[in-house]
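I opened the notebook today to follow one helix and its surroundings, and then to look up a few backbone details elsewhere in the chain.

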Amino acid sequence: MEPTQGVGQAAPPTVEVLGLRIHRVTNAEALAHVLHLAQCRSGALVMTPNADHMLRLSRDQEFRALYQHAALVLADGVSVVWAARILGSPLPERVAGSDLMPALCVEAARQGLSYYFLGGSPGDAQKAAVVLAERAGRDGCVGIDCPPLGFEKDAATVDAMVQRIVDKQPHIVCVGLGSPKQERLMVAIKDRLPGLGVMLGVGVTFSFVAGTVKRAPELVRTLALEWLWRLLCEPRRLWRRYLDNLVHFPWLVLKTKFARKRA
């Protein structure tokens with residue numbers, strides 16, 4: 001599966017991890033490339049797989065097809081970086097969407113590019129926009145839309161949402177709906193947004209930036225234990241997902257490695 005690129009874009013190099021082509025970039029390189037896609041109004045999608053995504057990609061052909069629309073695929077999870085190393089295709093580092101999105105919005109505003117926030121918990125996108133405007137010294141946010149639960153099932157609601165984005169003509173659209181809803185929506189509306197620069201899934205990042213959900217301290221992230229931090233913060237919501245990841249993702253990686261050795 002080779003991710004598609006925006007028109008006129010030179011794709012960064014990729015490595016294959018469990019059948020998915022992931023771009024081999026540092027955080028700085030990812031930021032520069034996304035900004036370039038935004039400036040070119042290339043209509044590009046950015047997806048950020050973690051262990052949960054990788055397992056879903058191995059089980060769900062519909063989700064796998066969504067990834068074929070991505071212009072840039074970044075290793076959001078440290079487990080994906082480890083998997084790449086174990087499978088002999090190392091990545092330079094983790095490129096977490098929760099680091100990329102705020103850095104992108106700040107730098108975009110400084111360069112005179114605009115961004116639009118879609119999704120997130122009520123109020124969090126607004127708070128995040130204020131925080132990022134303060135960091136950048138100017139406000140690049142041209143619109144915020146937090147549609148109600150289940151909005152994607154109502155064509156009229158989706159049409160109105162798309163029109164609001166079209167009216168603002170943002171260079172960047174950040175979609176915080178969680179996976180796989182955000183990937184489905186991104187693919188569904190991409191071609192309905194003329195002049196779009198880049199659209200990326202950001203999960204819970206609006207809440208991280210707003211401070212309503214506390215992100216793991218830097219030391220915890222450095223020790224690759226951010227998943228444990230999030231599990232302790234939201235055990236009822238996340239325990240099934242992380243149990244699945246802890247059991248099945250390492251098995252998928254080892255099974256793939258052993259299969260290669262036998263081939």
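I began with burial in α5, where I found G97, S98, L100, M101, P102, L104, C105, V106, A108 and A109 to be buried. I keep in mind throughout that this is a predicted model. By count, 10 of the 14 residues of α5 are buried, so that I note the helix as mostly covered.

I then asked what covers the buried residues of α5. The cover includes helices α1 (27-39), α6 and α9 (205-210), together with strands β5 (115-119), β7 (172-176) and β8 (198-201).

Next I looked up the length of α5, for which 1.5 Å a residue gives an expected span of 20 Å over 14 residues; the C-alpha atoms at its ends are 20 Å apart, and the two values therefore agree. Just after α5, I noted that G112 takes a positive phi of about 80 degrees.

I turned to the packing of α5 (residues 97-110) against α6 (residues 124-136), where the axes are 9 Å apart and the angle is about 55 degrees. I recorded the pair as oblique, because 55 degrees falls outside the ranges for roughly parallel, roughly antiparallel and roughly perpendicular. The crossing of α5 past α6 is right-handed. On the α5 side the contact is made by M101, P102, C105, V106, A109 and R110, and on the α6 side by L132, R135 and A136. I sorted these contact residues into 7 nonpolar and 2 charged, with no polar ones.

I then went to Q182, which is found in helix α8 (residues 181-189). Is Q182 buried or exposed? At 4% relative accessibility, Q182 counts as buried, since the cut-off for that is under 20%. Leaving aside residues up to four places away in sequence, I listed V175, G176, L177, G201, V202 and G203 as what Q182 touches.

Last, I checked the backbone for less common geometry, bearing in mind that most residues other than glycine have a negative phi and that most peptide bonds are trans. The peptide bond from S179 to P180 is cis, with omega near 10 degrees, and P180 is found in the loop between β7 and α8. R41, in the loop between α1 and β3 (44-47), has a positive phi near 50 degrees without being a glycine, and its relative accessible area of 30% makes R41 partly exposed. Q169, in the loop between α7 (155-168) and β7, is also not a glycine and has a positive phi of about 50 degrees; at 33% relative accessibility, I entered Q169 as partly exposed.

How values were computed: Residues numbered from 1 in each chain as written. Predicted model: local features only at pLDDT ≥ 70, side-chain atom pairs only at ≥ 80, totals over all residues. Heavy atoms only, no water. Axes fitted to C-alpha atoms, helices over the stretch in contact; angles between N-to-C directions. Helix = DSSP H or I, 4+ residues; strand = E, 2+ residues; numbered from the N terminus. Left-handed = near helix turned anticlockwise from the far one by under 90°. Contact = heavy atoms within 4.5 Å. Nonpolar A, V, L, I, M, F, W, Y, C, P; charged D, E, K, R; others polar. Expected span 1.5 Å × (residues − 1). Buried < 20%, exposed > 50% of the residue type's maximum accessible area, 1.4 Å probe, protein only.
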